[in-house]
Amino acid sequence: MSTENVAASGFGADEQDRGRRFLSALASTGTIFILLLILWVWITILNPTFAEPGPFLAYLKRSAPLVILAAGAYFVLVSGNFDLSVGSLVTVMVVVAARLIEGEPSRTWPVILLLLVIGAVVGFANGFISTILRVPSFITTLGMLLILNGAVFWWTGGAPRGALSDNFRSIGRQGIEGIPWIEQLPWSVLLMFAIGAASVLLMRADFGRQLIATGDNERAARLSGVRVDRVRILAFVLSGVLAAVAGILLGGFGGVSAQVGKGLEFDAITACVLGGVVLGGGRGSVVAAMAGALTLEALFTWLNLQGISGALEDTVQGVIIIGAVGFAAYRLRGAR
Amino acid sequence: MTVVDPSESSPGTRAAARKERVAGWRVGVLASPAAPVYGALIGIIVLAWIVVTIDGGEFLTTGNIVNMLQRSVALGIVSLGQTVVILLGSLDLSVAALISLSSLVTAQQMDGQPGNVIPAILIVLAMGAGVGLANGLIITKLRVNAFIATLGMALILGGIIENGWSGPQGGVTDAFSQDLGYTRFGVIPMSFILFAVVAVVIWFILRSTRFGYRVYAVGGSEDVSKLSGLRTHRTIIGAHIVCSLTAVITGIFLASRLKAGTPTVGLDGGYDLESIAAVVLGGTALTGGRGGVIGTIGGVFILAVLDNVFNQLEFNSFVRDVVRGIVIIAAVAIYARRQEKKA
Amino acid sequence: MIWRRLAGPAALLACCATIAACGSTDDPGSETTGDATPVATATEGPKTDLGENSEFFVQADYDKQLAQRSATPEGPADKPWEQMIEPGEMVDTTEFKAKKADNWNVCFSNAANDNPWRQNGGITMKAEADNTPEIGKFTVVDAEAKDDKQISDIEAMVSGGKCDAIIIAPNTTATLTPAVEKACESKIPVIVFDRGVTTDCPVTFIHPIGGYAFGADAAEFLRDNVKEGGKILALRILPGVDVLETRWSGAKGIFEEAGLNVVGVEFTDGDAAKTKSIVSDYLQREGTLDGVWMDAGATAVAMTEAFEDAGQEIPFVTGEDQNDFLTKWKEDGLKAIAPTYSNYQWRTAIIATTKILKGEEVPKEWILPQPKITQENLDQYVKPDMPPLYYALCGCEDLPGFPQKWGGK
């Protein structure tokens with residue numbers, strides 16, 4: 001029996017045949033796009049400038065890190081695991097980059113390479129402990145969250161040190177200039193679409209099918225020849241690398257900060273669930289997960305425009321998330 | 001496959017049942033699911049004692065032991081409730097926000113009047129039951145995954161707190177603060193007795209009531225339980241109510257300890273993830289169906305001992321996090337190996 | 001089937017509409033004028049929408065703090081950490097005089113070590129303790145921002161009987177009161193600094209002037225420079241922390257009086273990316289901003305970058321004495337002010353403890369000066385060789401190990 005499927009076990013995850021599942025996946029994908037569209041339109045009504053290319057690209061640019069994290073979270077979730085360590089991994093990226101680069105532009109690219117390697121190694125460690133050592137991924141990555149957070153600040157003596165170079169920062173801050181009509185195409189938006197396209201291709205390849213099969217029914221997948229552990233470890237590695245990319249973008253966008261990754265793991269998982277990904281694995285599409293992240297960011301913007309007092313914002317956000325997921329589940333049940 | 005193991009703490013009966021399988025030297029206690037937890041606890045205590053003594057500190061003194069007991073109360077009570085929901089395959093991420101809110105409401109309702117103490121406690125308990133009911137209903141009726149449901153509830157409660165309070169809330173009466181927060185019977189803190197009482201009650205519920213049996217059954221497999229005619233929804237809702245009640249009891253205790261309520265006491269205390277960590281350290285499986293409160297108490301003590309040692313050795317908070325992370329992962333990896341060997 | 005697909009979005013729409021309706025009732029201006037800024041009513045009358053006066057606003061304290069800013073502190077001018085403002089009642093500490101001439105064990109219960117300001121102060125404190133020959137051992141216990149843990153930490157210090165003095169930096173104002181009272185009963189001298197407690201039993205309470213003065217320093221700078229009716233954005237870290245509430249309530253009244261238009265009050269969670277997004281949003285909506293007020297400087301640089309990225313000139317801004325902000329201010333010629341929350345109070349805590357254990361008198365309430373960094377004195381505070389999150393009011397430059405211990409070169 002699987003040692004995973006943490007909280008998801010049971011609640012509403014019945015067996016269905018493939019065709020039905022495809023339909024329901026499509027249905028849930030549809031929901032998130034409708035919701036996203038409604039929010040965009042509503043925001044535009046409240047603030048017409050939102051639909052202009054500049055502001056809209058600024059919104060995409062701001063959303064890019066979370067969208068990329070959501071893609072990473074998707075791989076792990078759909079294989080039936082959790083990754084709670086991505087938030088602290090993002091912090092590690094920014095702090096390590098600042099300490100090693102120290103404002104020296106020539107160090108940028110080697111350091112970026114190193115960051116991606118760190119992301120991959122952390123992801124591998126998460127995957128190895130969760131599969132081979134059979135520690136539930138919720139606990140593995142919770143422990144990893146503590147370890148990463150502690151280790152990086154232990155290393156820097158508490159507060160971030162050093163500085164990021166301008167060319168490092170330009171990845172998250174700047175873009176291709178001088179394009180007619182939209183003026184500037186941010187690198188992070190390009191990167192976001194590239195990662196989106198790559199993720200879709202990956203999910204259509206053998207790996208994607210094996211990943212979903214593993215999350216859906218581990219035993220069946222194993223019996224049909226899927227190397228379940230390897231697939232899951234790879235999902236964690238992808239999550240780690242994508243967290244590194246998100247960290248590079250966030251560091252570029254906002255600069256050195258010790259707070260940068262705080263709570264992002266929950267945001268990423270929430271985005272996926274909004275996009276119809278079922279915790280426990282086996283269901284959901286990566287595009288919808290990324291759309292979930294865009295929706296979450298649009299929701300923040302909408303709340304802001306709506307003039308909800310800063311304090312009640314959290315409450316409204318909580319109600320909407322529960323409501324959205326509840327209605328997705330309601331519809332799924334209805335479709336049976 | 002046996003998923004229902006409510007007889008966790010009756011070594012006598014179980015020893016008989018397992019006689020053939022278990023090697024001769026293994027008495028029932030050692031075969032209990034909580035045994036590795038207490039093995040780990042004893043190991044950590046011995047290690048801590050050696051390290052602290054070498055460092056020139058005192059470890060196994062009455063004062064220090066009482067201090068460790070006191071440290072385990074707040075996390076301990078909420079972890080007991082967390083155990084119940086995890087046993088049935090759910091979890092509760094809203095406890096930290098609920099702890100903050102109940103500390104605030106306790107202080108507000110008491111309003112410095114001794115006559116208000118009992119009504120305030122009742123109001124807060126009712127609030128806890130309400131939040132637990134809401135969590136349970138969202139999970140069962142709206143079919144929202146427990147992770148998202150309780151995360152959403154945490155946001156909702158957080159917003160209510162931020163909207164209603166801009167700082168600590170006074171009003172806890174002197175007597176209440178002294179009685180629950182600081183009184184000692186001999187050397188045993190009153191609050192530790194509260195922890196013990198809650199532990200015994202939940203242990204009894206899980207072990208000897210139909211509800212407890214159902215919790216293990218649903219945690220083992222919700223579908224099988226449903227097919228065999230159990231009302232799984234009621235069990236899930238009931239368990240969430242129990243969990244939220246332990247969270248508000250923790251909040252009430254903290255209000256007595258701080259003689260005030262504060263908006264940050266729950267989240268800054270990290271009671272959401274730490275209580276889950278304590279339960280898992282206590283050998284309860286996150287998938288549900290296996291484990292119990294005895295193990296959780298061991299898990300809480302492990303964290304309290306670590307805390308005490310960190311203090312004595314003056315570890316900074318970063319080293320602490322690293323060590324905690326490693327201990328949690330390592331312990332669960334060891335339990336997982338043990339489980340595999342058994343299977 | 002199609003209705004089922006639409007059920008979710010429809011219900012959500014209903015949900016959002018309800019909230020929108022609720023939002024509008026708070027904010028009647030938005031419907032009639034069609035102007036949907038979060039504080040739309042602010043354009044009609046700034047006094048209505050800045051929130052009620054916080055329960056923490058005490059007019060007398062506010063007036064006192066504002067007056068203290070111009071008071072001349074007693075003590076050596078080159079050592080502001082030894083200075084005190086209007087010391088008032090002095091406490092005779094002969095009863096606490098240590099029996100040993102040296103090898104004191106000073107214990108410190110620290111609320112947390114979770115932000116650069118505290119880390120900077122913690123390093124200074126340790127260095128000052130190492131630099132005091134009488135202190136043999138300096139024991140630090142970190143409460144990791146947990147109130148209950150800090151109470152247990154203090155109990156352990158008291159019952160352990162090994163501390164010659166206990167220094168406490170409370171995690172939350174008020175909540176440590178019972179624990180501090182217990183510690184006072186033990187006859188061990190108790191020194192409290194940074195946030196206070198609601199009891200006067202500690203031997204001394206050390207703190208800079210306070211939050212009202214901080215908020216007012218920044219607000220007055222904007223009042224003096226921004227034209228009347230100018231658009232001000234206020235950025236706060238998070239609600240519910242009383243020491244930050246006082247900063248905002250210190251500023252709010254000044255904005256109201258000066259007729260400045262506060263277009264928004266937003267919480268940043270101390271997160272640079274979020275800060276930048278908020279400022280960008282306001283720039284989009286408002287077109288321009290004439291000033292930005294902040295209740296802490298950790299994300300001040302990110303705030304200024306939002307203007308740069310939008311291709312706008314950076315208006316009048318406020319920050320804090322963090323090195324990254326001061327460096328940017330100097331290099332880019334910002335129009336700025338940096339009020340401070342004197343980081344050297346961490347050093348004063350050790351100095352006060354030493355005095356008490358020697359039996360020398362200390363003020364009951366030791367109020368430290370709280371300088372503001374302005375264009376005139378900026379140069380003396382910018383430290384190019386120190387890390388970005390170093391605090392200029394460290395008061396640590398004459399301590400052994402400077403600058404390496406503080407991360408400098």
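Me: Which helix of chain A has an axis that comes within 8 Å of the axis of helix H2 (residues 53–78), and at what angle do the two cross?
Reply: In this predicted model, the partner is helix H7 (residues 187–204) of chain A, and the axes cross at roughly 35°.

Me: What makes the crossing of H2(A) and H7(A) left-handed or right-handed?
Reply: The call depends on how the near helix is turned from the far one: anticlockwise by less than a right angle is left-handed. The crossing of H2(A) and H7(A) is left-handed, so the near helix is turned anticlockwise here. On the H2(A) side the contact includes A:Leu57, A:Lys61 and A:Ala71, and on the H7(A) side A:Ser188, A:Gly196 and A:Ser199 are among the residues that make it.

Me: How do the residues of that contact divide into nonpolar, polar and charged?
Reply: There are 10 nonpolar, 3 polar and 1 charged. Gly counts as polar and Lys as charged, so A:Gly196 falls in the polar group and A:Lys61 in the charged one.

Me: Why is A:Ser106 called exposed?
Reply: A residue is exposed if 12 or fewer other C-beta atoms lie within 10 Å of its own. A:Ser106 has 9 such neighbours, so A:Ser106 counts as exposed. You will find A:Ser106 in the loop between helix H3 (86–101) and helix H4 (108–131) of chain A. From A:Ser106 to A:Phe168 is 62 residues in sequence and 9.8 Å in space, C-alpha to C-alpha.

Me: What share of chain A counts as buried, and which residues have the most contacts inside the largest nonpolar core?
Reply: Of the 336 residues of chain A, 65% count as buried. Inside the largest nonpolar core, A:Leu69, A:Ala70, A:Tyr74 and A:Cys272 have the most contacts. Membership in such a core requires being buried, with 20 or more other C-beta atoms within 10 Å, so each of these four residues is buried.

Me: Which residues is A:Ala70 in contact with, leaving aside its neighbours within four places in sequence?
Reply: They are A:Ala268, A:Ala271, A:Cys272, A:Ala289, A:Met290, A:Gly292 and A:Ala293. Across chain A, among contacts between residues at least 6 apart in sequence, 80% join residues at least 24 apart.

Me: How do you know that residues 233–254 of chain A are listed as a transmembrane region, and what is their secondary structure?
Reply: The listing comes from an unreviewed UniProt entry, which gives residues 233–254 among its transmembrane regions. In the model this stretch is 100% helix and 0% strand, with end C-alpha atoms 31 Å apart. Residues 107–128, also listed there, are 95% helix and 0% strand.

How values were computed
Residues numbered from 1 in each chain as written. Chains lettered and ligands numbered in written order. Predicted model: local features only at pLDDT ≥ 70, side-chain atom pairs only at ≥ 80, totals over all residues. Axes fitted to C-alpha atoms, helices over the stretch in contact; angles between N-to-C directions. Helix = DSSP H or I, 4+ residues; strand = E, 2+ residues; numbered from the N terminus. Contact = placed C-beta atoms within 7 Å. Core = buried A, V, L, I, M, F, W, Y, C linked by C-beta atoms within 7 Å. UniProt positions renumbered as here; feature names shortened; annotations may be inferred.
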